[in-house]
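Me: Hi! I would like to learn how to read a protein model, one feature at a time. Could you show me the structure and let me ask as I go?

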Amino acid sequence: MSQEVTLPALGESVTEGTVTQWLKNIGDTVEVDEPLLEVSTDKVDTEVPSPFAGVLEEILVQEDETVEVGGVLARIGDGSGAAAPAATPEPAAEPEPVPEPEPAPAPAPEPAPEPAPAPAPAPAHAAPEPPLSPAAVSSAAAPAQAFDKLPDPPAAPAAPAAPAAPAAPAAQPAAAPAAAAGGSGYVTPIVRKLASELGVDLSKVVGTGIGGRIRKEDVKAAASQEQPADAPAPLEVSPLRGTTVKMSRLRKVVAERAVASMQQTAQLTTVVKVDVTKVAQLRAAKKEEFLAKTGNKLSFMPFFAVAATEALQTYPIINCTVDGDSIVYPASENISIAVDTERGLLTPVIRNAAGKNIAQFAAEIADLAERTRNNQLKPDELAGGTFTLTNTGSRGALFDTPVVFLPQSAILGTGAVIKEPGVVKTDEGETIGIRSYVYLALSYDHRIIDGADAARFLSQIKQRLEAGQFSRDLGI
């Protein structure tokens, strides 16, 4: 008896999803909660776990097809359903070569001695008639060899031709396990290609993805461990070079919203340079204790989040939205955090951010980032943001001009924290010292936010960070 797998509800505003990839094939055994397929919506790409244990008997929605919430995706049973016909053709194709080495080759050597002693000229014409049936059997196994050897005694080519036929099918089963031996579970072609280029044995790599799936980061980590310390890092050559790929549903949605935002708003960016030396010193002094007590690393991002949330309460125009010819001021600050994933940029939301300390921000940022990258995020966790923080410095960028996505009116980009010589004010005057700096870039909708508004907002964040008085905000 089979059970139907339906598309579950993926969020209040999600009504349909597009199947992007099946992680299991018909006939595969599936455990409860094991990832079965990947589905893309206009908010997030997510894996759909199997609600039942059994055998995948039928797939009803193919890749790139769209289905409504509640629609039937597949059927899972005990393997006696549709999986049986699907499996029959495959074994049927392999047993065909098996009948070839029939007992017929055994009697073939016996008639061979009889034509051998006969005079060569006479049997050349008479031989085809007596051994006609054995020759027909042997020619079915190796027709090319039989025709090439027609002048010779027919029994002679039949003997080598018979062993040649079983040799081919014997090699095929041997190759199949070898192909399946690479890695454990499903591995994407890009990951396999990267592993091949870096010389990494996938069977020895422990995957950190959902269900133990091996990701690009796992392959790179394994390669770095095997690489000698004094050897240069291998050049990573993308397998996408020279190819054409179809946009994912997520990429299409991001593209459409980016263009719509740029066309419907008047965007401007203001940048300030902030001395975060005191924050860097506090972080260096407390990061070990913070990790021990909270289980999370102490990065600069929670400091930026606290300062930005406080400034949003002071200057709510940065946190507002536009509704026709009205300006809507939300009653709370819901901070969207930009997370870079293999599928694209996603922005999960930290709700009711006002009043949260650094430990709370660090915990929520780490949790949302991990679940976003592992396809465990719920679509509702991507909705309701009123302001966005994006860490453009995570890959070393000093700053950029981030794009505001509707319905929000502003986004703050935080650059890389770098050390530079700078002017330091002391009681005795000014001196030059090594300082830690960061560039903060605020992009905003100039229809309702003026440059002065942006400057005041950034100035408050600057003063808060440069004062470095976050000891009581650590939450430890």
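Me: Leaving aside neighbours within four places in sequence, which residues is L442 in contact with?

Reply: A reminder to begin with: this is a predicted model. To read contacts, look for residues whose heavy atoms come within 4.5 Å of each other. Once neighbours within four places are set aside, L442 touches L268, T269, T270, I318, F387, A410, I411, L412, A454, F457 and L458.

Me: Which residues touch the most other members of the largest nonpolar core?

Reply: F387, L442 and L465 do, in a core of 53 residues. The greatest contribution to this core comes from helix α11 (residues 301-314), with 9 residues. There is also a second, separate core, with 18 residues, including V39, L56, V67 and L73.

Me: How many helices and strands does the chain have, and what percentage of its residues are buried?

Reply: The chain has 13 helices and 19 strands. Of its 476 residues, 38% are buried. You can also ask how far apart in sequence the contacting residues are: among contacts with a separation of 6 or more, 63% are between residues 24 or more positions apart.

Me: Next, sheets. In what order do the 4 strands of the open sheet come?

Reply: Here is the general idea: strands of a sheet pair through backbone hydrogen bonds, either parallel or antiparallel. In this model, the order is β1-β8-β6-β3, with antiparallel pairing. At the edges are β1 (3-6) and β3 (29-30), each of which pairs on one side only.

Me: Which residue is the bridge partner of L56 in β8?

Reply: The partner of L56 is I76, and the partner of V55 in β8 is G77. Strands β6 (residues 54-59) and β8 (residues 72-77) are paired over 4 bridges in the antiparallel sense. Strand β8 is also joined to β1 by 4 bridges, again antiparallel, and there Q3 stands opposite I76.

Me: Let's try salt bridges. How many does a search of the whole structure find?

Reply: The search finds 21. In one of them, R213 pairs with E38, and their closest N and O atoms are 3.4 Å apart. R213 is in the loop between α7 (189-198) and α8, while E38 is in strand β4, so this pair ties together parts 175 residues apart in sequence. Both R213 and E38 are buried.

Me: Where do R371 and D367 lie?

Reply: Both are in helix α12, 4 residues apart, which is about one turn of the helix. Their side chains form a salt bridge at 3.1 Å, N to O. To judge burial, use the cut-off: under 20% relative accessible area is buried, and over 50% is exposed. R371 counts as buried because its value is 18%, whereas D367, at 35%, is partly exposed.

Me: Are R464 and D473 buried or partly exposed?

Reply: Use that cut-off again: R464 is buried, with 19% relative accessible area, and D473 is partly exposed, with 22%. The two side chains meet in a salt bridge of 2.9 Å, N to O. Elsewhere, salt bridges with shared partners link E4, E58 and R75 into one network.

Me: What about the surface: which residues form a nonpolar patch there?

Reply: I190, L240 and V245 form one, with about 270 Å² of accessible area together. V245 is in the loop between α8 (216-226) and α9 (249-264), and its relative accessible area of 60% makes this residue exposed.

Me: Finally, backbone angles. What is the peptide bond from L406 to P407 like?

Reply: That bond is cis, with omega near 5 degrees. P407 is in the loop between β16 (387-390) and β17 (410-414). P407 is also among the contacts of T321, along with S326, I327, V328 and S409, leaving aside neighbours within four places in sequence. T321 itself is in strand β10 (residues 321-323) and is buried, at 16% relative accessible area.

Me: And what is the phi of D33?

Reply: The phi of D33 is about 70 degrees, a positive value although D33 is not a glycine. D33 is in the loop between β3 and β4 (35-40), and counts as exposed because its relative accessibility is 58%. N352 has a positive phi too, near 50 degrees, and lies in the loop between β15 (349-350) and α12 (358-373).

Conventions: Residues are numbered from 1 along each chain as its sequence is written. This is a predicted model: local features need pLDDT of at least 70, side-chain atom pairs count only at pLDDT 80 or more; totals for chains, interfaces and linings use all residues. Side-chain values use heavy atoms; hydrogens and water are left out. A nonpolar core is a set of buried Ala, Val, Leu, Ile, Met, Phe, Trp, Tyr and Cys residues joined through side-chain atoms within 4.5 Å. Buried means under 20% relative accessible area, exposed over 50%, partly exposed in between (1.4 Å probe, protein chains only). Helices (H or I, at least four residues) and strands (E, at least two) are DSSP runs, numbered from the N terminus. Two strands pair if DSSP finds at least two bridges between them. Patches are made of residues with over 30% relative accessible area and no salt bridge: like charges are joined within 9 Å, nonpolar side chains (Val, Leu, Ile, Met, Phe, Trp, Tyr) within 5 Å. Accessible areas come from the Shrake-Rupley method with a 1.4 Å probe; for residues, only the protein chains shown count as cover. A salt bridge is a side-chain nitrogen of Lys or Arg within 4 Å of a carboxyl oxygen of Asp or Glu.
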